[in-house]
Structure formats: structure tokens, C-alpha cells
Amino acid sequence: MGGIRGGVTLMVIPEEGGESHSFRLSGRVYRLVPLAVAATVVGAAVLVMTWWFLALEASKGWRQQALLDSLQEERAEILTLVQQLDRVEAEYEHLRSLFGPTADPVAPDLWLPPTGLPGSVDVRSSGLADATVPSGWPLTEPGFVTQTLMEGDEGDHPGMDIAVATDSYIRASGAGRVLRTGEDGIYGRFIVLDHGQGYQTVYAHASEILVDRGASVRRGEVIGLTGSTGRSTAPHLHFEVLLNGLPVDPMSLVEQPG
């Protein structure tokens, strides 16, 4: 190898003999070699940094796409739930229509609404509001009688069940006094009225009780709203008539409108 100032000569000599070769680098070229190596290292570093940046951006794009896909799936689920809710509401309205009209024709007089049903009378103008014998239909709509005292063993089902939409008006079957209100595991929210002459009536499975114990009520007065509290599988009113503590068939005293 020659001097660096004049240049550099590289000789390649095969180990097993053969013709040798020499390469001469001028001093200028030799001085440029470190610069070339440094430039190569810098270029490689730039390439690595560029690749890392692009990979990071691509990762962000994938995460954003995954989030977008998740939001679209949730939106599809919400739309499905909305459609199911619409179907349920439509079915509910259909069931309510089967139970008869749900709107009260005289909303301002909530405590004593007339039924507006065929054969019904306005107890305020007929003089029946003070009648104590429980002979009035206990609802503002006819509903469906699903079970009566005669269909069950006396004591097991001492009354009648009337299927009706939730929050329908419960009316006092006769004038009297609120003997008891409360809630238990079987009757749910219930009201017991004492009508005198040995008569009492029971209204069970209510969603709301609108009278207080000891209050006086008139025949046809709204005392609660129907529901499905207690041991119940669907909204209905359980209605009992007791005479001297013994159950009486309600249908022997009241008549279903319509």
C-alpha cells in the first residue's frame, strides 16, 4: 500500500496462488471514502425513520378503521333494536285495542269518569253514587273476564279476574269507606272497601293506589290503576265481593258492560 498523500494502492493476492491484482485510489478519492460511508449510514437511518413513521401512521389508520367498523356495527344493532321496539309498541297498541277504548271521555273529572260504554249510566246524575251495595262494574272499560269464582275452588280463587290494559281506571263498585290498602306477595297492591250491610270488595294487582285508608268513596269513584303486581302473569284486575266475610260470585251483583 502506497502513501496516503499520493494515493492508496490496494493489492489482492489469492491465497492459493494465481495472478494478483492491484487497485489504486488517488488521495482525493481516499479522503472521500469516509464521507461516502457516513452518507450511507445517514441515508439508511433516514430510511429506517421514514419506514417507522409510515408504519405508525398505518397503525393509526388501522385503529381508526377498526373504530369506524365498530361504530357501524353498533349503529346497525341500534337500528335493529329500534325496529324491534316499534314492533313491540305496535303489538302493545293492538292488545290495548282488544281491551276496548283507553281514553276517558271526561278527563277533567278524573275521580268519577263515566265509562261511555253501552248500557252504562252516569252515577252522578242517576242517584247511584251513594249506593252502598257493590253492584257497579269495577273498571271504566269492559276488559275480558278470564276467571270467575265459579271456575275455581272456593277459597283458592275467591273472586274474578278481568284482563285489561295497564293503568286502566279502577272504580269503586259501591259507595263505602277505604278499610285497608297495602301490598303483599300474592295480591300485589290492593284496596279493600267496606260498604256496610256486611259487604266488602277487594281490588288487587293495582299499579297505583289513589285513595287513603279511612277515606270515603262514592260508587264509580276512581280508586286506583290496574297493573300486574304480586302473583300475576299479565295486567288484570282481581275483584272480590265478600258478604259477612264469605266470597260471593261478583257476577251475581255486577254486569259487564257491552
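Student: Before we look at Glu221, what counts as a strand here?
Tutor: A strand is a DSSP run of E with at least two residues, and strands are numbered from the N terminus; keep in mind as well that this is a predicted model.

Student: OK, so where does Glu221 lie?
Tutor: Glu221 is found in the loop that runs between strand 9 (216-217) and strand 10 (222-226).

Student: And which side chain of opposite charge is nearest to Glu221?
Tutor: That is Arg218, at 6.3 Å, and Glu221, although buried, has no salt bridge. The side chain of Glu221 does, however, reach the backbone nitrogen of Arg218, at 3.0 Å.

Student: Switching to Pro158, is it buried or exposed?
Tutor: Pro158 counts as buried because its relative accessible area is 14%, and the cut-off for buried is under 20%. Its place is in the loop between strand 3 (144-147) and strand 4 (160-163).

Student: What is Pro158 in contact with, leaving aside its neighbours within four places in sequence?
Tutor: With those neighbours set aside, Pro158 is in contact with Leu149, Tyr187, Glu240 and Pro247. In addition, the C-alpha atoms of Pro158 and Val248 are separated by 7.7 Å, while the two residues are 90 residues apart along the chain.

Student: New topic: which residues make the nonpolar surface patch?
Tutor: The patch, of about 710 Å², is made by Met49, Trp51, Trp52, Phe53, Leu54 and Leu56.

Student: Where does Leu56 lie, then?
Tutor: Leu56 belongs to helix 1, which covers residues 27-98, and it counts as partly exposed because its relative accessibility is 31%.

Note on methods:
Residues are numbered from 1 along each chain as its sequence is written. This is a predicted model: local features need pLDDT of at least 70, side-chain atom pairs count only at pLDDT 80 or more; totals for chains, interfaces and linings use all residues. Side-chain values use heavy atoms; hydrogens and water are left out. Patches are made of residues with over 30% relative accessible area and no salt bridge: like charges are joined within 9 Å, nonpolar side chains (Val, Leu, Ile, Met, Phe, Trp, Tyr) within 5 Å. Accessible areas come from the Shrake-Rupley method with a 1.4 Å probe; for residues, only the protein chains shown count as cover. A salt bridge is a side-chain nitrogen of Lys or Arg within 4 Å of a carboxyl oxygen of Asp or Glu. Helices (H or I, at least four residues) and strands (E, at least two) are DSSP runs, numbered from the N terminus. Buried means under 20% relative accessible area, exposed over 50%, partly exposed in between (1.4 Å probe, protein chains only). Lys and Arg count as positive and Asp and Glu as negative; His and the chain ends are not counted. A polar contact is a pair of N or O atoms within 3.5 Å; within protein, one must be able to donate a hydrogen and the other to accept it, and residues adjacent in sequence count only if both atoms are side-chain atoms. Contact means heavy atoms within 4.5 Å.
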